[in-house]
Amino acid sequence: MRSINPGVKLATLIVASLMLSLTYNVAVNVAVCLACLVATVATSGVNRRRLALALLPFFLTALAFFTTGLFFGAGGAGNAEAVGVSTSVFGQRTLLATDWTTAMQLASRVLAYGGLGMLFAFTSNAFELVMSLMQQFRLPPKFAYGILAAYHFFPVVREEFGTVGAALKVRGVKAGPFSTRRLLPMLAHALERSESLAMAMESRGFENDAPRRVAFRVPLRARDVAFALGVLAAIAAGLMLVR
Amino acid sequence: MRSVARMSSGKAHIGPDAPNASALSVRGARTSVAKAPRDIPALSCRGLTFRYAEGETPVFSDISLSVQPGETLLVMGPSGCGKSTLAYCLAGLYPDYAGVLEGSVEVEGRPIDRMGPQERSRAVSILFQNPDNQFCMDTVLHEVLFALENVDCPGDLDARAHELLELAGLDGYARSPIHTLSGGTKQKLALVTALATGARTLVLDEPFANLDPLSCRRLAGELERLKRRGVTLVVVDHKPGWWLPFCSRIIFMERKGNLDELAFSPAEAPARREAFAARGLFLGSDWLRGVHPPHLAGDASAALEARDLTVRHGRTPFLSGLSLALPRGSVTSLVGECGSGKSTLLTALAGAARFSGSVESAGRVGLVFQNPRFQFLALTVSDEVLVTLRASRPGVPDEQLAPVAHGLLEEFGLDARAQASPYELSQGQQRRLALLAMLAADCDVLLLDEPTYAQDERSTRFILELLMKRVERGLAVLVATHDVELARAISNQVLLLEDGSLRALSPQEVDRYVEERKEPPCGA
């Protein structure tokens with residue numbers, strides 16, 4: 001999974017989730033979720049504990065949707081049936097049928113999104129993604145390197161958050177983790193940092209429109225295209241065949 | 001010689017035996033300049049006037065300066081004299097990033113404002129004071145490659161990057177994440193990336209301000225090697241120590257005029273001791289002669305006592321089993337390399353970080369951070385003091401606190417700026433305000449993290465005097481510092497933090513420690 005071009009992977013998974021969002025096919029949703037999780041776990045170097053932890057919110061949301069759909073879906077489903085508005089995408093009826101199916105449809109959809117998200121998040125490298133977006137999807141270098149710089153500053157910002165908290169504490173000022181008291185120093189620093197970073201990048205020769213060499217090629221290969229077509233075709237086929 | 005020649009990038013590649021480093025080659029398509037003759041200054045400015053905003057009083061006006069190829073020029077001046085601003089102008093960053101500039105800056109005879117960043121960085125690059133905030137990639141190797149990509153460097157980028165890293169002795173760090181490096185290693189990396197662009201002139205803005213003495217020595221050695229290879233260096237600093245052994249000229253920054261006329265050689269520096277003093281600048285450590293540790297009564301009780309203190313980073317103990325006592329009315333210094341945990345220890349002692357073990361203090365413990373700006377919470381200087389006063393004296397109305405705040409601001413020489421924003425103050429003033437904001441709470445113990453960092457002599461003295469006055473009244477002070485000579489001069493005890501443990505140094509050990517780390521002497 002790691003060798004798939006991250007830009008293509010992202011695009012594929014976004015299209016896949018759009019396809020699923022237009023339909024309510026429980027079996028396909030569950031299949032997509034399982035397939036994604038199996039693919040993620042099968043990829044080497046994936047931390048399974050963190051994966052399970054990351055999936056937890058999705059399971060909880062799915063559970064919430066499930067119970068909501070089960071207990072409060074009655075009126076909506078009945079009305080929908082009575083009004084009889086019926087649309088279809090990929091041959092799927094997009095109307096709510098009964099309470100049980102409503103619940104399953106909503107819950108399984110959340111799981112499918114979760115699976116797609118995990119597949120991407122756990123098997124992709126942020127650096128390669130940005131490089132691929134720049135090389136294959138024409139993201140301007142200005143944004144690409146800006147995103148990377150911001151991304152690399154996360155550990156520093158976290159450290160700063162702690163320092164500001166400590167500073168408040170020694171001053172005897174009480175401030176919760178989301179207090180606006182923390183905002184002023186953090187904001188002042190963010191401004192200072194962004195400016196000095198921009199100056200540093202420029203003094204290292206960075207110019208948006210200038211010709212530049214590429215040290216990291218993120219290749220676009222046949223297998224990436226095959227992955228994109230394969231995944232999307234499989235979902236489309238599933239939606240058309242499984243009723 | 002070989003590597004510098006190869007650094008000057010370009011499709012028209014210079015052979016390994018190019019005669020001198022000022023040989024210039026830029027992509028043929030853009031310019032026809034092939035070589036900069038010897039007599040053209042590497043960097044020069046004429047009639048330079050800079051204002052931060054239209055209509056404001058200029059930071060400096062009508063400044064002229066020229067730097068010859070291969071020269072190392074040291075520009076000195078007290079905090080806030082505009083020397084960093086001049087550095088940014090010379091590097092072509094101002095007025096793009098701030099202010100209004102009149103006059104001209106030329107790099108190798110070409111006006112800098114007509115060059116794009118790519119072309120400019122092949123001629124001149126800058127090293128910033130703060131080793132953080134100047135990298136945008138994750139690892140050391142990626143950062144160097146980023147610079148090589150930017151200037152469209154020909155040839156094998158990977159090989160070139162490794163070659164550059166090897167030159168600075170950083171090849172072992174190629175895959176290390178940048179945020180795990182020490183300040184000194186970061187500055188070295190910044191140097192490598194600046195050279196990767198092919199720059200033949202480097203502007204350095206107080207590059208040693210954040211470094212421990214051993215890192216300073218190594219970086220100074222590195223810069224001296226570059227000088228010998230023909231790289232032109234323009235250094236802005238208020239401490240001459242590390243530069244005197246190899247700089248070609250010293251210039252005092254003035255607000256106006258031709259700076260070249262004021263230049264003198266480093267050999268003349270000792271004879272100009274008074275000129276240094278008049279500007280509030282350091283020249284060696286002689287100013288410490290009149291500074292002594294406070295007199296300590298034999299039976300002084302401990303204002304703060306820590307026993308078996310352990311601080312963890314995640315699950316691994318970072319500092320373990322530390323014990324120390326700070327007697328009332330005493331000064332204790334905490335020394336140790338960058339990253340040895342001095343700041344972590346101070347934060348734990350102030351009760352603002354998690355630790356195990358016991359810390360007992362007789363009263364309030366104050367902590368002044370290395371970067372005072374982390375501590376500012378209010379929009380004006382006087383409010384900043386009031387925040388602390390309100391927190392330390394709950395229930396007292398503001399009308400009673402205001403005169404107290406005013407008195408304190410007067411003592412600290414900040415009353416004229418009472419309505420200014422803390423962020424508008426000069427570095428020295430910010431440092432004093434941070435100190436004041438802590439002392440206003442009637443602390444019994446004060447922990448200071450690098451209180452003299454980036455301060456000129458005048459400001460350092462001012463802070464020391466304020467501090468010592470309070471020590472006489474019984475304040476216990478713990479100072480974490482890289483200034484080993486200062487530590488020796490002011491302290492009743494010196495503690496060394498090394499490999500996660502703490503021990504008190506004997507006077508002989510302190511002397512040895514200082515000898516190994518002090519700046520080169522500045523003459524008699």
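Two strands pair if DSSP finds at least two bridges between them. With that in hand, welcome to this predicted model; let us start in chain B.

**The sheet of chain B**

B:L43 stands opposite B:V107 in β4(B). The strands behind this match are β1 (residues 43–51) and β4 (residues 100–107) of chain B, which pair in the antiparallel sense over seven bridges. They belong to an open sheet of five strands with mixed pairing, in the order β5-β4-β1-β2-β10 (chain B). At the edges stand β5 (110–111) and β10 (256–258) of chain B, each with a single partner strand, so one side of each has no neighbour in the sheet. Helix α2 (residues 83–90) of chain B lies across β1, β2 (60–67) and β4, and runs at about 125° to β1(B).

**Backbone points to look at in chain B**

Most residues other than glycine have a negative phi, and most peptide bonds are trans. Here are some spots in chain B that depart from this habit.

| Site | Backbone value | Place |
|---|---|---|
| B:Y94 to B:P95 | cis, omega near 10° | B:P95 in the loop between α2 and β4 of chain B |
| B:E206 | positive phi of about 40° | loop between β7 (201–205) and α7 (213–228) of chain B |
| B:D308 | positive phi near 55° | strand β11 (residues 302–313) of chain B |

Are the two positive-phi residues, B:E206 and B:D308, exposed or partly exposed? B:E206 is partly exposed, with 19 other C-beta atoms within 10 Å. B:D308 counts as exposed because it has 12 C-beta neighbours inside 10 Å.

**Helix α1 of chain A**

Now to chain A, where helix α1 (residues 6–21) packs against helix α6 (residues 126–136) at an angle of about 85°, the axes being 7 Å apart. That makes α1(A) roughly perpendicular to α6(A). On the α1(A) side, A:P6, A:G7 and A:L10 meet A:E128, A:L129, A:S132, A:L133 and A:Q136 of α6(A). This contact has four nonpolar, three polar and one charged residues. Among the buried residues of α1(A) are A:P6 and A:G7, along with A:L13, A:A16 and A:L20. The 16 residues of α1(A) should span 22 Å at 1.5 Å a residue, and the end C-alpha atoms agree, being 22 Å apart.

**Where the chains meet**

In the interface, 39 residues of chain A are in contact with 50 residues of chain B. The elements giving two or more residues to the chain A side are α7 (141–152), α8 (154–170) and α9 (183–203) of chain A. Of these, α9(A) provides the largest share, 12 residues. By class, the chain A side divides into 23 nonpolar, six polar and 10 charged residues.

Definitions and conventions. Residues are numbered from 1 along each chain as its sequence is written. Chains are lettered from A and ligands numbered from 1 in the order in which they are written. This is a predicted model: local features need pLDDT of at least 70, side-chain atom pairs count only at pLDDT 80 or more; totals for chains, interfaces and linings use all residues. Helices (H or I, at least four residues) and strands (E, at least two) are DSSP runs, numbered from the N terminus. Two residues are in contact if their C-beta atoms, placed from the backbone, lie within 7 Å. Axes are lines fitted to C-alpha atoms, for helices over the stretch in contact, and angles run from 0 to 180 degrees between N-to-C directions. Ala, Val, Leu, Ile, Met, Phe, Trp, Tyr, Cys and Pro count as nonpolar, Asp, Glu, Lys and Arg as charged, and the others, Gly among them, as polar. Angles under 35 degrees count as roughly parallel, over 145 as roughly antiparallel, 65 to 115 as roughly perpendicular and the rest as oblique. The expected span of a helix is 1.5 Å times one less than its number of residues. A residue is buried if 20 or more other C-beta atoms lie within 10 Å of its own, exposed if 12 or fewer, and partly exposed in between; C-beta atoms are placed from the backbone.
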